[in-house]
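Happy to walk through this one with you. Here are some questions and answers to read alongside the coordinates.

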Amino acid sequence: MRLALTISLCAGAVALLATLLSALMAAVLGPGFASIQLAPLLLGAGIAGLIGAGIGWAGGWYADKQLSRLRAVVSAVEVAEAPTTRLVGPLAPIARLHLDVIEQLEQDRRSARSQVRQIEIRKHLAQTEVEHLSGVLHSLRDAVLVTNEFNELVMANEAAASLFKFDREGALNKPIGQVLPEKEIVSLIGEAAVAGNTSSRKHTECTLAREPEPLSLEVSLSSLADATHEAASVVTILHDITQERQVSRMKNEFVSKASHELRTPLSSIKAYIEMLLDGEAEDEKARREFYEIIQHEAERLGRMIDNMLNISRIEAGMISATWENIDIVPIAQEAVELLKPQAAEKNISITFQRPHQSCHADVDKDMIKQVITNLISNAIKYTPEGGRVTVAPDLTDCDRSVIVSVNDSGLGIPPESLPKLFSKFYRVDKHERVAKGTGLGLNLVKQIVEAVHHGEVGVESEVGKGSRFWFIVPCKQGA
Amino acid sequence: MRKTGQGAKDGAKTRILVVDDETYIQHVVHLKLSNAGYEVLTASDGEEGLQTATEEHPDLIITDYQMPFLTGLEMCQRLQQNPATASIPVIMLTARGFALDDADLRSVNILKCLGKPFSPRELVACVAAAVGAKSVA
C-alpha cells in the first residue's frame with residue numbers, strides 16, 4: 001500500500017478541482033490505485049482549498065511514518081466534516097471507513113510484527129536444536145553415516161570419519177562408495193536405500209580389517225522412507241563390539257578352564273573317599289594317608305575357589321581394601337620367613353635384602369603380603385634344587401613409590417610367554433611338568449597391585465638364567 | 001579287602017598302564033587296580049606314556065586327556081601309528097566339560113571315556129569289561 005497526498009487551493013468550481021485531483025492521484029498511484037479521499041480546507045466561511053488522500057496498492061506494507069501521515073489526513077477530513085462546516089456532510093462515512101482501514105492496517109502490522117518475532121524465536125530455537133543434535137551426534141562413540149536417496153553422504157559424525165579414516169567436510173555429498181573403502185558396508189547401505197520404500201530397520205554384523213586386530217561391528221541401517229520416493233535416505237549406525245566379543249570369548253575360556261581346574265582336586269577327593277568306603281585301604285596307615293590326601297586336595301580346591309573369587313571381586317570392583325600407611329619391609333620379611341621351609345625342602349637359599357630406610361606406603365596389608373608370598377612361592381617352585389631366591393624391597397620413583405623385587409636363579413621364561421604371563425589360567429607349557437599350578441597366582445598379583453593399589457607389575461627373564469618379578473605401589477594413594 | 005582280578009586267572013597278570021600327570025589320581029587308580037589283581041605300570045605325561053607303552057606293550061592303557069607335552073588323544077594317535085602298539089585298547093579319563101567325538105575315539109582304539117570326577121569302582125568295572133572283551137576277541 002502506498003499513500004499519496006496532495007493539497008490544492010480552490011480556484012474555481014469545487015467539482016472541477018476534485019476531478020482534476022482524482023486524475024492526478026490516479027496517475028501518481030498507478031494501476032494499483034484503490035481509493036481517493038478529498039477534504040475541504042476551510043478558511044473563515046469559505047473553502048480555501050482541498051486535501052486529497054489516496055490509498056493504493058503498490059506492493060509492501062505501510063511504514064510507520066506513512067500511517068501516521070494518513071491518520072493526520074483522515075483527522076483533517078473529520079475536522080472538515082464537523083457540524084459547523086457546510087459542505088462536508090457526504091464525506092463523513094468515507095472518512096470513517098478510512099479510519100477503520102487504517103486501524104485494520106495498524107493491527108495487521110502489529111500482528112505481522114509479532115509473527116515475525118515468533119518466527120525469529122522459532123528460527124533461533126531451531127538453530128539451537130540443530131546445534132544440540134549435531135553436538136549429540138558428534139559426541140556419540142558409535143559411527144553415524146547418513147546417505148541420501150542417491151547414496152551420497154549427507155552427514156557423518158567424527159566417530160565415522162575416524163573409523164573409516166576420511167575427511168568429514170571433504171566427504172560430504174560424495175557417493176558413499178568413494179568415501180568408504182569397505183565394499184560390504186557400501187552394499188548394505190545401497191540395499192537399504194532400495195528397500196526403503198517403507199521405513200525399515202536392519203541389524204547385521206560385519207568385520208573390518210584393522211591393525212592390530214580386526215574390528216567386529218554391529219551395523220544398524222534405518223531407511224527414512226519418503227512415500228513419493230522409491231529409494232530413501234539411510235541412517236547407518238556402526239557399534240564396535242570387538243571388546244564384547246573378546247570378553248565373551250574370555251568368559252567361555254574361563255568357565256572351561258575353571259571347571260577343568262576344579263574337577264582335578266575334586267576327582268581325587270571323590271576317588272579316595274570311595275576307596276575308603278570300599279575298604280581299599282589295607283591298614284590304618286593307608287587310611288591316614290587317604291585322609292591326608294583328601295584334606296590336601298580339599299584345601300587346594302578351597303584355595304582355587306578363593307583365588308577365583310578374589311580375582312572376580314577385584315575385577316567387578318567389589319573388593320574393599322583396608323588402607324594403612326605401613327612399612328612394607330617387615331611385611332616382605334614375614335613372607336620370606338613363611339616360605340623358608342618350602343625353600344629348604346629344595347635346598348634353595350632365600351635372601352632378604354633389607355633396604356637402608358623404611359618403605360612406607362598406603363596398602364592393604366593382607367593383600368600386599370599375598371602378592372609378595374605368591375611371587376616368592378613361584379620363584380621357589382620354578383627354581384631347581386640348590387638355587388637362589390632374593391627378595392628386595394626399596395623406595396623408587398624419587399621416594400614416591402615402593403618397589404619389591406623377587407629374583408630367582410630358576411628356569412627363566414621364554415620371551416613368547418612373557419606377554420601372557422599375568423593372564424588368568426596361563427601356564428608356561430614347559431613349566432607344567434616342573435610344578436603344579438592353577439595359573440591364577442600371577443593374575444591375582446596383577447589384580448591386587450594394579451586394580452586395587454594403582455601400581456604396576458613386571459617381569460624380566462632369561463631362559464636358563466632366572467627371572468626378576470617386581471611390583472611398584474605408590475606411597476600415597478590418590479596422590 | 002584284597003580282591004583278585006581277572007588279570008590273575010590265566011596265570012600271567014593283565015598289565016595295565018596308567019598315564020596321568022596328577023600324582024594322587026595316578027596313585028588311586030594304581031591302588032584300585034592292584035587291589036583288583038592287575039599289574040600296574042605308571043607314567044606322568046603323554047611322552048612318558050608313549051615310551052612306556054612302546055617298551056612294555058601293556059594289555060590296556062588308562063590315560064588322562066589333559067597332560068603336558070602330549071595330550072592323551074595325541075598319545076593314542078601316536079600309538080596307532082606303530083603296528084606294535086596299535087591294538088592296545090584305551091580307557092580315557094577326562095576333566096574336560098565336552099565330550100570327545102565318538103568316531104575320533106574309535107579310530108584310536110579308545111573304548112570308553114570316563115569323566116572326572118570318576119568312580120574307581122566304575123573304572124575297574126570298565127577295565128574288567130575291556131579286558132574281557134579283548135580276551136573274547
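**A two-chain model, question by question**

Q: What share of the 479 residues of chain A count as buried?
A: This is a predicted model, so the values here are computed from predicted coordinates. Chain A contains 12 helices and 15 strands. Among its contacts with a separation of 6 or more, 60% link residues 24 or more positions apart. The share of the 479 residues that count as buried is 27%.

Q: Which helix of chain A gives the most residues to the largest nonpolar core?
A: In general, nonpolar side chains of soluble globular proteins tend to be buried together. The largest such core here has 46 residues, and A:Ile328, A:Val371 and A:Val445 are among those with the most contacts inside it. Elements that give two or more residues to this core include helix H9 (284-315), helix H10 (328-345) and strand S12 (388-396) of chain A. With eight residues, the top contributor is H11(A).

Q: How many residues are in the other core, the one that lies apart?
A: A:Ile294 belongs to this other core. From chain B, B:Met92, B:Val108 and B:Phe118 are among its members too. The number of residues in this core is 41.

Q: Which strands stand at the edges of the open five-stranded sheet of chain A?
A: The sheet has the order S5-S4-S8-S7-S6, with antiparallel pairing. An edge strand has a single partner strand, so one of its sides is left without a neighbour in the sheet. The strands in that position are S5 (153-156) and S6 of chain A.

Q: Which residue of S7(A) stands opposite A:Thr204?
A: S6(A) and strand S7 (residues 215-224) of chain A run antiparallel and are joined by nine bridges. H7(A) packs on the sheet, and its direction makes about 20° with that of S7(A). Opposite A:Thr204 stands A:Val219.

Q: Is A:Ala195 buried, partly exposed or exposed?
A: A:Ala195 sits in the loop between helix H7 (183-194) and strand S6 (200-208) of chain A, where it touches A:Ser200 and A:Ser223, leaving aside residues up to four places away in sequence. Its C-alpha atom is separated by 9.4 Å from that of A:Ala225, 30 residues apart along the chain. Because A:Ala195 has 16 C-beta neighbours inside 10 Å, it counts as partly exposed.

Q: Which helix supplies the largest share of the side of chain B that touches chain A?
A: The contact involves 20 residues of chain B and 21 residues of chain A. Helix H1 (23-35) and helix H5 (120-136) of chain B each supply at least two residues of chain B's side. That side divides into 10 nonpolar, four polar and six charged residues. The largest share, six residues, comes from H1(B).

Q: Which proline of chain B follows a cis peptide bond?
A: Most peptide bonds are trans. Here the bond that starts from B:Lys116 is cis, with omega near 0°. The proline is found in the loop between strand S5 (110-115) and H5 of chain B. Its name is B:Pro117.

Q: What is phi of B:His57?
A: Most residues other than glycine have a negative phi. B:His57 lies in the loop between helix H2 (46-56) and strand S3 (60-64) of chain B, and it is partly exposed because 13 other C-beta atoms lie within 10 Å. Its phi is positive, near 45°.

How values were computed:
Residues are numbered from 1 along each chain as its sequence is written. Chains are lettered from A and ligands numbered from 1 in the order in which they are written. This is a predicted model: local features need pLDDT of at least 70, side-chain atom pairs count only at pLDDT 80 or more; totals for chains, interfaces and linings use all residues. Two residues are in contact if their C-beta atoms, placed from the backbone, lie within 7 Å. Helices (H or I, at least four residues) and strands (E, at least two) are DSSP runs, numbered from the N terminus. Ala, Val, Leu, Ile, Met, Phe, Trp, Tyr, Cys and Pro count as nonpolar, Asp, Glu, Lys and Arg as charged, and the others, Gly among them, as polar. A residue is buried if 20 or more other C-beta atoms lie within 10 Å of its own, exposed if 12 or fewer, and partly exposed in between; C-beta atoms are placed from the backbone. A nonpolar core is a set of buried Ala, Val, Leu, Ile, Met, Phe, Trp, Tyr and Cys residues joined through C-beta atoms within 7 Å. Two strands pair if DSSP finds at least two bridges between them. Axes are lines fitted to C-alpha atoms, for helices over the stretch in contact, and angles run from 0 to 180 degrees between N-to-C directions.
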